[in-house]
Amino acid sequence: MRGTGKADVFVMLAHPVGHAKSPGIFNEIFEQRGLDSLMVPLSCRPEDFDTFWAGITAAENVRGVIVSVPYKTAVFHKCGAAHDRAARVKSANSVRRQADGSWYADNFDGVGFIDGLRAGGHRIEGQRILQVGAGGAGASLAYCLAEAGAGDIRLHDIDEGRASQLAGLVAKAFPACRIAVGPADAAGMDMAINATPTGLRASDPLPFDVSRLSPETTVVDIIMEPAETALLRAAKAIGCPVQPGRPMMDFQVQAMAEFFDIDRARRNHE
């Protein structure tokens, strides 16, 4: 039976939270594995975040939290320790409770993205990559692309200062990768990535000019819904290989499940 008084409780935090897919995905996993565990979607107003987090911390049976917009940075700063992936972008999308009650942060945006690309047969090493978007998810992607061996990354963001800061930090961490801020021009690129929310709504413009694409350019969109964005449809019409957003989520879920140790494989049941 699931949902007993002994259940492990996990939280999905976002504002708003109605679009979140993680609770449904994880609760299905818990059901399939016969685990007495639950993931609950919760939200709060940004001005109430400190009160909310104090309550989550006080709730002793909350073992972990998946974090989405706009709380990734705020939650990171509530943690006592963090994996380098989270520390370098000062952003957490998953936190787990440690034995002393404090929180440990990690960030699986880039991990899921890279694993998804590789599973799709897309090469990263030595590639020339356009990445549009240098925000929370975009920062994780840029670091992980450089770490995975990308040859050149051109970053573009509506906030040029944010893109410049990220480019400098990634270059310092991974000097073998040439990274610079530039226009959202996919001409001559091996891969073009949309790491922005542009495309969530049917009325959104395309994140970059698809007329500059060649059929040899792999086009990637991190948006999960719609499953096929306008960008991916346009790229397919040109003959480009494409990668949708769902694999990134699927591989993140695998990494998060291990991070949370949902089967309690690394500890005894109390």
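R178 counts as exposed at 52% relative accessibility, where exposed means over 50% relative accessible area, buried under 20% and partly exposed in between (1.4 Å probe, protein chains only). The model is a predicted one, in which local features need pLDDT of at least 70 and side-chain atom pairs count only at pLDDT 80 or more, while totals for chains, interfaces and linings use all residues. Residues are numbered from 1 along each chain as its sequence is written, and side-chain values use heavy atoms, with hydrogens and water left out.

**Salt bridges**

R178 forms a salt bridge with D152, and the closest N and O atoms of this pair are 2.8 Å apart; the term stands for a side-chain nitrogen of Lys or Arg within 4 Å of a carboxyl oxygen of Asp or Glu. Because R178 lies in strand 9 (residues 178–181) and D152 in strand 8 (residues 152–156), the pair ties together parts that are 26 residues apart in sequence. Strands (E, at least two residues) and helices (H or I, at least four) are DSSP runs, numbered from the N terminus. D152 counts as partly exposed, at 26% relative accessibility.

A search of the whole structure finds 18 salt bridges, among them the following.

| Salt bridge | Closest N and O atoms |
|---|---|
| R178 and D152 | 2.8 Å |
| D204 and R201 | 3.2 Å |
| E228 and K236 | 2.9 Å |

In the pair of D204 and R201, D204 counts as buried at 15% relative accessibility, whereas R201 is exposed, with a relative accessible area of 58%. In the pair of E228 and K236, E228 is partly exposed at 31% relative accessibility, and K236 is likewise partly exposed, at 47%. Salt bridges that share partners also join D8, R63 and R264 into one network.

**Backbone geometry**

Most residues other than glycine have a negative phi, and most peptide bonds are trans. R264, a member of the network just described, has a positive phi of about 55 degrees although it is not a glycine; R264 is placed in the segment after helix 9 and counts as buried at 15% relative accessibility. D261 is also not a glycine, yet has a positive phi of about 50 degrees; D261 is found in the segment after helix 9 (246–260), and at 4% relative accessibility D261 counts as buried.

Two peptide bonds before proline call for attention. The bond from V69 to P70 is cis, with omega near 5 degrees, and P70 lies in the loop between strand 3 (62–67) and helix 3 (72–76). The bond from E225 to P226 is cis, with omega near 10 degrees, and P226 lies in the loop between strand 11 (218–221) and helix 8 (230–238).
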